[in-house]
Amino acid sequence: MTIWQIAAEPAPVAIDPAETALIIIDMQKDFLYPDGYGAFLGNDVTLLQRTIAPIQALLAAARQRGMLIIHTREGHLADLSDCPPTKLNRWPPGNRIGDMGPMGRILVRGEEGHDIIDELAPASGEIVIDKPGKNAFYATNLEEVLQAHHIRNLLVTGVTTDVCCSATVIAANDRGYNAIVLRDCVASYSPERHAAVLEVIKAQGGIFGWVTDSAQVLSAISKQPPLS
Ligand code: TIU
């Protein structure tokens, strides 16, 4: 059996690639492009764009190896029936989910802004999970997908570190998955919150998981023969 040895914090982690999936969280136009939801909330979306190139490299390697690849998208039904009023009403009218923005209705499924950025467009056959919450396990079939593919380990990438990535890592940990977060492949609208969340994940001997980077994972991948 092939085992990847990955240098990570707080300790190296050994994982079976056959039980490992790459999850790319919410790399959507609404979060990364200048006309989307993130920008509407007053954020500098350029802070997230440094993740695109390393995720592209990782995605190419994962595709070549035949790894399970899961893309997620945060968004809601057109009638917003799956958006709790607490989430909908937290910001003033004009900046709300469902309001019209330059890329269509903000965070609504089927709108341009809801789609994954062109640079990381899913290939045919790759799993795309539409999620109404921040945590990718909430109200989705993510756990069924992972179980069906015998996945135990998640290589976590995407945005934002402190919101959807953090919520998903914490939920994954409670469900018995190893979350391995790639620091150059996750980003926040706040570098301080990004750093704080990574500290929390790896604290206390890896209370929620591990933190590494794409170079370490690519190195582990390159040293191993392809999956049979
Ligand atoms: N606002 C923010 O930082 N993020 C989100 O609302 N969603 C995700 O992180 N995907």
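This passage walks through the sheet, some of the helices and one buried glycine of a predicted model.

The sheet is a good place to start. Six strands line up in the order S7-S4-S3-S8-S9-S10, and they make an open sheet with parallel pairing. Strand S7 (127-131) and strand S10 (210-212) sit at the edges; each has just a single partner strand, so one side of each goes without a neighbour in the sheet. On average, neighbouring strands here are turned by 25 degrees against each other, direction ignored. As for what holds such strands side by side, strands of a sheet pair through backbone hydrogen bonds, either parallel or antiparallel. One pair can be picked out: strand S8 (residues 153-159) and strand S9 (residues 178-187) run in the parallel sense and share 6 bridges. Within this pair, asparagine 153 faces another asparagine, number 178 in S9.

Helices lie across these strands. Helix H6 (residues 161-174) lies across strand S3 (20-25), strand S4 (68-74), S7, S8 and S9, and runs at about 165 degrees to S8. Helix H8 (residues 214-222), for its part, lies across S8, S9 and S10, at about 120 degrees to S9.

H6 also has a helix for company. Its axis and that of helix H7 (residues 191-206) come within 10 Å, crossing at roughly 15 degrees. That angle makes H6 roughly parallel to H7, and the crossing is right-handed. On the H6 side, the residues that meet H7 are Thr161, Asp162, Ser166 and Val169, while H7 brings Arg193, His194, Val197, Leu198 and Ile201.

Next comes helix H3 (residues 52-65). With 14 residues at 1.5 Å a residue, H3 should span 20 Å, and its end C-alpha atoms are indeed 20 Å apart, so the two agree. Its buried residues are Ile52, Pro54, Ile55, Leu58, Leu59, Ala61, Ala62 and Arg65. Right after H3 comes glycine 66, with a positive phi near 75 degrees.

Last, a look at another glycine. Glycine 113 belongs to the loop between strand S6 (104-105) and S7. Its relative accessible area is 0%, under the 20% cut-off, so glycine 113 counts as buried. Which residues does glycine 113 contact, leaving aside its neighbours within four places in sequence? They are Gln28, Lys29, Asp30 and Met103. Asparagine 95 is 18 residues away from glycine 113 along the chain, and the C-alpha atoms of the two are separated by 14 Å.

Note on methods: Residues are numbered from 1 along each chain as its sequence is written. This is a predicted model: local features need pLDDT of at least 70, side-chain atom pairs count only at pLDDT 80 or more; totals for chains, interfaces and linings use all residues. Side-chain values use heavy atoms; hydrogens and water are left out. Two strands pair if DSSP finds at least two bridges between them. Helices (H or I, at least four residues) and strands (E, at least two) are DSSP runs, numbered from the N terminus. Axes are lines fitted to C-alpha atoms, for helices over the stretch in contact, and angles run from 0 to 180 degrees between N-to-C directions. Contact means heavy atoms within 4.5 Å. The expected span of a helix is 1.5 Å times one less than its number of residues. Buried means under 20% relative accessible area, exposed over 50%, partly exposed in between (1.4 Å probe, protein chains only). Angles under 35 degrees count as roughly parallel, over 145 as roughly antiparallel, 65 to 115 as roughly perpendicular and the rest as oblique. A crossing is left-handed if the near helix is turned anticlockwise from the far one by less than a right angle, and right-handed if clockwise.
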